[in-house]
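Reader: Hi! I'm just starting out with protein structures, and I'd love to take a close look at a single part of this one. Could you pick a strand and walk me through it, then show me how it sits in the rest of the chain?

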Amino acid sequence: MCERHAAVFTVVAVALAFVSCSSAKLAPDFIHPCNNTETACLIQATQDAIPDFARGLPHLGVPALDPFIIDELPIQLPGVKVTFLDGKVTGLRKCQVLNVQAYLEDNIFVLEIKCNITIKGKYTAVGRLLLFPINGEGDSKIKIVNSVIKLNIKTKYFKDEEGRDHFGIKNYKYSFDYGDRVHYTINNLFKGNQELSNTVLQFLNENWRVVTEEFGQPVVDYAMNVTIETAKKFFNAVPYDELLHVPIPKYD
């Protein structure tokens, strides 16, 4: 009789443990869900989340965004081929949230942030950069001051295997303003000719906006894609009702 009771107790305990695990809170403690979609609350909640979110959430399969690594990024531009190697991008965890808007019924989410971003790594460059022939290889550092990024995201909703609702990202558009200043520190732009390397580097920094708008797009595209893919992993891991305490719209 005792053995039967023990067996029943064991089965019940396992069942309770399973239910407890399946309904366990998945959202990290730094997520502070809003009870409405008012901009002020969404801005504060997003600002609260960014520093820890950017460090990554390995237990949820969400990689770090600060830093994030560029192993190799070849960029073919008119007249010049540049390859970034062993790059590290930092600064995203200190971004300032300027605006957040959520239109749940219309599946639209708008985010605008201001960031100081630093990119360090190795590079190779062969070709012609504006007025100058380039044949360089060495270390590079790019500092972007007060850049403003605006994301317009088309969202979707879906259910996981347990029937819980989730946010999803269908597609996105973005605009990127390079802000107040971009400063380049690049050595050995001309192999064996330090004087000419310094002359070109000075030109790059004096004409930073023209240079950056001409050649920066592939790097920004890469960074935005990494950011969006990271957000998708987070939304796949954490249910809707742990991110926002507003009834989810009806969806198919």
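Author: Happy to help; what follows is a walk along one strand and then a step back to the whole chain. Keep in mind that this is a predicted model.

Let's choose strand E5, which covers residues 132–159. A good residue to start with is Ile149, which is found in this strand. Is Ile149 buried or exposed? Its relative accessibility is 6%, and because buried means under 20%, Ile149 counts as buried. Now look at what surrounds Ile149. Leaving out residues up to four places away in sequence, Ile149 touches Leu111, Glu112, Ile113, Cys115, Ser175, Phe176 and Met224. Another residue to find is Leu98: Ile149 and Leu98 are 51 residues apart in sequence, yet their C-alpha atoms are 9.6 Å apart in space.

Stay in strand E5 and move to Asn146, which is also found there. Asn146 is partly exposed, with a relative accessible area of 23%. Its backbone deserves a look too: phi is positive, about 60°, although Asn146 is not a glycine. Most residues other than glycine have a negative phi. You can find another positive phi at Asp86, near 50°. Asp86 has its place in strand E2, residues 80–90, and counts as exposed at 57% relative accessibility.

Two more residues of strand E5 lead us to the core. Lys141 and Ile142 are among the residues that Tyr184 touches, and so are Leu201, Leu204 and Trp208. Tyr184 is one of the residues with the most contacts inside the largest nonpolar core, which has 71 residues. Phe84, Leu104 and Phe234 are also on that list. In soluble globular proteins, nonpolar side chains tend to be buried together.

Now step back to the whole chain. It has five helices and seven strands, and from the N terminus on the elements run α-α-β-β-β-β-β-β-β-α-α-α. The radius of gyration is 24 Å, well over the 18 Å that the globule rule gives for 252 residues, so the chain is more spread out than a compact globule. Its C-alpha atoms fill a box of roughly 90 × 45 × 30 Å along the principal axes. Of the 252 residues, 39% count as buried. Among contacts with a separation of 6 or more, 67% come from residues 24 or more positions apart.

One last stop is the loop between helix H2 (39–54) and strand E1 (68–77), where Pro67 is found. A cis peptide bond joins Asp66 and Pro67, with omega about 0°.

Conventions:
Residues numbered from 1 in each chain as written. Predicted model: local features only at pLDDT ≥ 70, side-chain atom pairs only at ≥ 80, totals over all residues. Heavy atoms only, no water. Helix = DSSP H or I, 4+ residues; strand = E, 2+ residues; numbered from the N terminus. Buried < 20%, exposed > 50% of the residue type's maximum accessible area, 1.4 Å probe, protein only. Contact = heavy atoms within 4.5 Å. Core = buried A, V, L, I, M, F, W, Y, C linked by side-chain atoms within 4.5 Å. Rg over C-alpha atoms; globule rule 2.2 N^0.38 Å.
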